[in-house]
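Reader: Please take one helix of this model and go through it closely, along with whatever surrounds it. I would like a connected account rather than a list.

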Amino acid sequence: MIRVSDLGKDSIINNNDSIFVTDEISKQQNKYKINKNEIIITTVGSKAELKESAVGRPIIVRNSLGYLLNQNLVKIHGKNNKDSRFIYYQLLQPRYSQYIATIQRGNANQANIAISDLWNYRIFITKHNEQQKIGNFFQQLDFLITLHQRKLEKLKQLKKFLLQNMFI
């Protein structure tokens, strides 16, 4: 069972306190099953400015491990699940965050959004093959950024080690 607390920065994380249900219950709750390439959006969280725990934060599901949605989450996908990446990258744009900021309710500690307000958000649509190409491009770009971030982190660690051992 996936809860808001099970969402990392950009993926689902498996915690030691994860909730599991039986296969029988899972089969009965099929409409809440989360499939690969679907987008999960949080309907509760902090104000939109706090990215890590923000209400309305999208996560794209990278693998299908039989997850079920808990309350305070919704799932969306394109007509063809491959189109979901195109939608997902639009939800990462400042325009979406600004929209969430206008529809969020609650106090300073806890914000929430109504699903009906979320469905009023307009995304840009283009031809199906263009959507796939754009989604693939941004996915590859994300992959390259991640690789460079890892390389940078290793170089920082090497620099730190060399500086510590320079005058020994």
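Author: In the predicted model, the residues of α2 that are buried are S84, R85, F86, I87, Y88, Y89, Q90 and L91. That is 8 of the 8 residues of the helix, so α2 is largely enclosed by the rest of the structure. Buried here means under 20% relative accessible area. For the chain as a whole, 33% of the 168 residues count as buried.

The next matter is what does the covering. The cover over the buried residues of α2 includes three strands, β1, β3 and β4, and two helices, α3 (94–103) and α5 (128–164). As for its placement, α2, which spans residues 84–91, lies across β1, β3 and β4 and runs at about 150° to β3.

These three strands belong together. They form an open sheet in the order β3-β1-β4, and the pairing is antiparallel. At the edges stand β3 (58–60) and β4 (73–76); each has a single partner strand, so one side of each is left without a neighbour in the sheet. Neighbouring strands of this sheet are turned against each other by 25° on average, with direction ignored.

Strand β1 covers residues 39–42, and 4 bridges join it to β4 in the antiparallel sense. Within that pairing, I41 of β1 is set opposite V74 of β4. Towards the other partner, β1 is joined to β3 by 3 bridges, and these two strands also run antiparallel. Here I40 has I59 of β3 as its bridge partner. The two faces of β1 are both covered: I39 and I41 are buried on one side, and I40 and T42 are buried on the other. I41, the residue opposite V74, and I40, the partner of I59, are thus on opposite faces of β1.

The wider chain gives the setting for this part. It holds 5 helices and 6 strands, and along the sequence they follow the pattern α-β-β-β-β-α-α-β-β-α-α. Apart from the sheet that α2 lies across, there is an open sheet of 3 strands in the order β2-β6-β5, with antiparallel pairing. Its edge strands are β2 (44–45) and β5 (105–106), and each of them pairs on one side only. Strand β6, residues 111–112, pairs with β5 over 2 bridges in the antiparallel sense. In that pair R105 is placed opposite N112 of β6.

Some totals for the chain complete the account. Of the contacts between residues at least 6 apart in sequence, 70% join residues at least 24 apart. The C-alpha trace spans about 65 × 40 × 35 Å along its principal axes. The accessible surface comes to about 11500 Å², and carbon and sulfur atoms account for 55% of that area. The chain carries 25 positive and 13 negative charges, and the mean positions of the two sets are 6 Å apart.

To return to the helix: α2 is buried at 8 of its 8 residues, and its cover includes the strands β1, β3 and β4 together with the helices α3 and α5.

Terms used. Residues numbered from 1 in each chain as written. Predicted model: local features only at pLDDT ≥ 70, side-chain atom pairs only at ≥ 80, totals over all residues. Heavy atoms only, no water. Pairing = 2+ DSSP bridges. Helix = DSSP H or I, 4+ residues; strand = E, 2+ residues; numbered from the N terminus. Axes fitted to C-alpha atoms, helices over the stretch in contact; angles between N-to-C directions. Contact = heavy atoms within 4.5 Å. Buried < 20%, exposed > 50% of the residue type's maximum accessible area, 1.4 Å probe, protein only. Areas by Shrake-Rupley, 256 points an atom, 1.4 Å probe, with all protein chains shown as cover. Lys, Arg positive; Asp, Glu negative; His and termini not counted. Charge placed at Lys NZ, Arg CZ, Asp CG, Glu CD.
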